[in-house]
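Hello,

Here is the structure I promised to pass on to you. Have a look at it first, and then read on for what turned up.

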Amino acid sequence: MRTLLSPPRITAARLPRWCLRADWPMHAAQPALADLRLTPQGRIASITPSVASPAAGDWNLNGALVLPGLVEAHTHIDKAFTLPRLGVLKPGLLAAIETMNADRAGWTTADVRERASRCLQWAFDAGVVTLRTHCDWWEPDVTPLAWAVLRELAEEWAGRLVVERVSLIALHLFADRDDARALARTVAASGKGACLGAFVHSTNWSAASLRHLFEAAEEFGLDVDLHCDEELNPQAEGLATTAALLRELAFGGRVVCGHTCALAAQPEAQALATLDAVADAPITLIALPTTNLLLQDAQTGRTPRQRGITLVKEARARGIPLLISTDNVQDAFCRAGSFDPVEALAVGALAAQLDQPFDAWSETVCRGDWLTRQPNTPPLQPDAAADLVIFTAADAHGWPTHAHSRVVLRAGRVAAGSVPSHWPTTAEVTP
Ligand SMILES: [Zn+2]
């Protein structure tokens, strides 16, 4: 088996503009290629403009694109891969919720474990280093079966993938303050990587319930991750209320709001004012272009007119941390997806007409720090682990199309993908 003993140097790598220091040299409006020196322990020793000719043992990438390890910021690995048994589906988000609720009645530990494990393997092979999954939670007093399975898997995958879990709880279960505290206590007690979450939608809207959620999260030291305004109803006010609550409560945790499709349906001035408040809060936004294209403005026999994607350009223009992610895969919500955030970004690049997907927007699938309480630690710094995704067939003009062929390095060693034959590899000696 060809395995890689950490190469002393990766030469002529094409890194995205956002990853490089401000004074990085440019050639023909493109960032100059980079040489990455790795330590024997698989950490990054240095990143410098490419000048040297490759030496024996180096990997000369000859301009191949390289990204830091990827983040899959919003998934549902409890529900993934249920599609083959769901029969004919009705269109739209609320119909999908109904279908999944019926299927969930038959879930067993073995079923959830098999499907969720497949998700993690797919993500790992794509180059993902951090995966956050939501877990459906519909009853106040019963912890879902999948929650325990996901916790076990997070422990089993530690060292390969950081797996974070969000309790996706129907908002009405926070209506009573004591119930909200009990839920937060249960989530906090389930260990590292657990966040308090809720489904916040105009059909279940309650500002009081949302307040109870944040008060409980604060009390138990939890970060919050909401499914928020996943609809094209301009009346939806989950995001605006969240931003106002954070300010009022001086909330200390990290807050993430996924979807926020309603911004795209609201009067522009109102939507931009909400984004200004989101920037101040601050809140990390997550766009899920694939599922929103499929589920928003969806009716049988009618071509959708609206795209459902949130205001990604306006958010980034305000410096709002924004990630793009996969969401559902092969379940009642979405038949597509492969736990490859680059694939989700490819959909987003078309749906939202994104310029410079590699140099500017690849940041939205790499900034795992935007999910944390220390959101200003970009990857690929000296001394960071050499977790890299090398795209062996794509170029910066067409990326993220033709991007499936890749070599994944974890701590400088090949973890997935086929190494091109002209890159030298060494059989690794294991003690
Ligand atoms: Zn979701």
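How much space lies in the largest pocket? Before the answer, please keep in mind that this is a predicted model. The largest pocket holds about 890 Å³ of space. Its lining is made up of 42 residues, and those closest to the pocket centre are V129, T130, L161, V162 and E164. If you want to find the pocket by its secondary structure, look to β8, β9, α3 (145-157), β10 and β11, the elements that give two or more residues to the lining. The largest share comes from β10, with four residues. By character, the pocket lining divides into 19 nonpolar, ten polar and 13 charged residues.

Several of those strands belong to an open sheet, so let me turn to that now. The sheet has eight strands with parallel pairing, in the order β8-β9-β10-β11-β12-β13-β14-β15. At its edges are β8 (70-75) and β15 (322-324), each of which pairs on one side only. On average, neighbouring strands are turned by 20° against each other, direction ignored.

For a closer view of one pair, take β9 (residues 128-137) and β10 (residues 162-170): these strands run parallel and are joined by eight bridges. Within this pair, C135 stands opposite S167 in β10. Further along the sheet, helix α5 (residues 207-219) lies across β11 (194-200), β12 (224-228) and β13 (255-259). The helix runs at about 160° to β12.

There is also enclosed space to report. The count comes to one cavity of 30 Å³ or more, and the largest cavity has a volume of about 120 Å³. Of the 14 residues lining this cavity, K79, L168, F199, H227 and F333 are the closest to its centre. The cavity lining divides into six nonpolar, four polar and four charged residues.

One last residue you may like to check is T274, which sits in helix α7 (residues 268-280). Is T274 buried or exposed? T274 counts as buried because its relative accessible area is 10%, and the cut-off for buried is under 20%. Leaving aside residues up to four places away in sequence, T274 touches L239, A240 and L263.

I hope you enjoy looking through it.

Best wishes

Definitions and conventions
Residues are numbered from 1 along each chain as its sequence is written. This is a predicted model: local features need pLDDT of at least 70, side-chain atom pairs count only at pLDDT 80 or more; totals for chains, interfaces and linings use all residues. Side-chain values use heavy atoms; hydrogens and water are left out. Two strands pair if DSSP finds at least two bridges between them. Axes are lines fitted to C-alpha atoms, for helices over the stretch in contact, and angles run from 0 to 180 degrees between N-to-C directions. Contact means heavy atoms within 4.5 Å. On a 1 Å grid over the protein atoms alone, a cavity is a set of points where a 1.4 Å probe fits but cannot get out, and a pocket is an open set with protein on both sides within 12 Å along at least five of seven lines; lining residues have an atom within 4 Å of a point. Grid points are joined across faces, edges and corners, and a volume is the space filled by probe spheres set on the points. Ala, Val, Leu, Ile, Met, Phe, Trp, Tyr, Cys and Pro count as nonpolar, Asp, Glu, Lys and Arg as charged, and the others, Gly among them, as polar. Buried means under 20% relative accessible area, exposed over 50%, partly exposed in between (1.4 Å probe, protein chains only).
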